[in-house]
Amino acid sequence: MDKNANQTVVVLDFGGQYKELIARRVRECKVHSQILSGATPIDKLKDIAPIGIILTGGPHSVYEESSPHTVKELFELGIPILGICYGMQLMAYTLGGKVSACKVSEYGTINTTYDDAACALFKGLNTSALTLMSHTDFVDKMPNGFKGAAHTQDCPVAAMYNADKKLYAVQFHPEVERTAQGTQLLHNFLYEICGANGDYSIDDFIQREIVRIREQVGNHQVVLGLSGGVDSSVCAAILEKAIPNQLTCIFVDHGMMRKNEGDEIESVFANKNLNFVRVDAEQRFLTKLDGVSDPERKRKIIGEEFVRVFEEESSKFAGSFLAQGTIYPDVVESGLTTGAVIKSHHNVGGLPKDTKFIGLVEPLRSLFKDEVRELGRKLQLDETLVSRQPFPGPGLAVRCIGEITKEKLDILRDADYIFREELKKANLNYGQFFAVLTNMRTVGVMGDGRTYNYVVGLRAVITSDFMTCEYAHIPYEVLDVVSSRIVNEVQGVSRVVYDITGKPPATIEWE
Ligand code: XMP
């Protein structure tokens, strides 16, 4: 049993990309969750004595020999189980049902009808909902004792259950935002079926993490790369709490910060109870980036240069740890969960071989952005830092398309400042908003003269998890003011465009 005796739900991982999201939804429902491999021995599960088990999705087919499988005993433990996607197919297959290839595979949000009001999973839910589906196999024949509880046009069994054995399964993904009332469904599983009492809070995370950090770090010093963003600031706060006399925060001003940002960060952290060092490295980064336009190379160069600067600055702390505010979406995007690299984040896969640091400390690695904010508030971090919008580690390098020059960065800084200022004046606040400097110049006309200047892109998105987003419907009147101010006040800009793409298919940042 877990030492602080919180109720626990185990998420058994069968290779799906959403396992952390499932764990996070469970935490959101105030239940502690723990992710374990799908191959975890039954005895270990018995020791943990979870109140429920969730089987994740995965990219496999149960009939492939190399696919992760499980044993019948799992379903005989008397512990409530929810199978999701592949987890549902695995439940059906293991218990003697039949899984077949779909005649029509389902991808995307699909209208799903919940047929069985008596099924506890659907308590209080609408009788049909848009759900996220992503499957090429389906449960063709349910195991004995199971009832179908939902269907779609092409999937006759989109949910099944055996109430006596407390076994439930859904073909769709309740954990993603795109499934309507998905969290409510998981809440039903936890509270109606597993008997959760909601005894988990972020305080439990803080306590566990403090113990873990102290165990990992021992008496060594820790050097944190502080960017002033939410992640590294919250990381600093929890480290300060865990190891107050062992922390040095180094703020590397790489010259790619937003307007006035470096000074603002300095003024906040210089007053905190930690060793704060500001390094002015603008020229050094610009030289390294000279002539580079490939976004992944820019990120790599900046990431490596960061480590070099830290190493130099921290040489007086020989054998120290490097701390980073890596959060879970960074881990996903660096391809560590699925192998598909969307973008590489600083050292998320580990330190470079020739590093002088002895290890990485990443206290926020399992958390999502909004959980990091909640953590920051619990740690009584300044609200200005906690509610700050995310800002990529490589800074404006990400938002300055193509080759990076000081001139382009200054144009971007001024345009971005105006955009943010006008949204603030209009009392508009979205998940994230910023300007981008495209690498494209177009013809314009100013006064009587022809101009040939840059196109600035504006991006404002509504999101809570930063893994998906919709674009914000900024009123035209506000866009009008922003556009005319940018073109009039920022030299070098001839045109302003507004990005109306969601994620997916786009990402939040341009690169
Ligand atoms: P994308 O562009 O992938 O961004 O949709 C998702 C979120 O991540 C932020 N982002 C980063 N954050 N280091 C960070 O700490 C990075 O290198 C980085 N790159 C993107 C981005 O601003 C958005 O909020």
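Let me begin with a word I will lean on: a residue counts as buried when its relative accessible area is under 20%. Please keep in mind throughout that what we are looking at is a predicted model.

With that in hand, I would like to start at helix α11, which spans residues 369–378, and in which K369, E371, V372, R373, L375 and G376 are buried. What covers these buried residues? The cover includes α1 (19–28), α5, α6 (230–242) and α12 (383–386). Just beyond the helix, α11 is followed by Q380, a residue whose phi is positive, near 60°.

Of the elements in that cover, let me take α5, residues 202–217, whose axis comes within 10 Å of the axis of α11, the two crossing at roughly 80°. Because angles of 65 to 115 degrees count as roughly perpendicular, that crossing makes α5 roughly perpendicular to α11. On the α5 side the contact is made by I202, D203, F205 and I206, and on the α11 side by E371, E374, L375 and K378. If we sort the contact by class, we find four nonpolar and four charged residues, with no polar ones.

Finally, let me turn to helix α9, residues 295–313, where E305 is found. Is E305 buried or exposed? Its relative accessible area is 5%, so E305 is buried. As for its surroundings, and leaving aside its neighbours within four places in sequence, E305 is in contact with R284, F285 and K288.

Conventions:
Residues are numbered from 1 along each chain as its sequence is written. This is a predicted model: local features need pLDDT of at least 70, side-chain atom pairs count only at pLDDT 80 or more; totals for chains, interfaces and linings use all residues. Side-chain values use heavy atoms; hydrogens and water are left out. Axes are lines fitted to C-alpha atoms, for helices over the stretch in contact, and angles run from 0 to 180 degrees between N-to-C directions. Helices (H or I, at least four residues) and strands (E, at least two) are DSSP runs, numbered from the N terminus. Angles under 35 degrees count as roughly parallel, over 145 as roughly antiparallel, 65 to 115 as roughly perpendicular and the rest as oblique. Contact means heavy atoms within 4.5 Å. Ala, Val, Leu, Ile, Met, Phe, Trp, Tyr, Cys and Pro count as nonpolar, Asp, Glu, Lys and Arg as charged, and the others, Gly among them, as polar. Buried means under 20% relative accessible area, exposed over 50%, partly exposed in between (1.4 Å probe, protein chains only).
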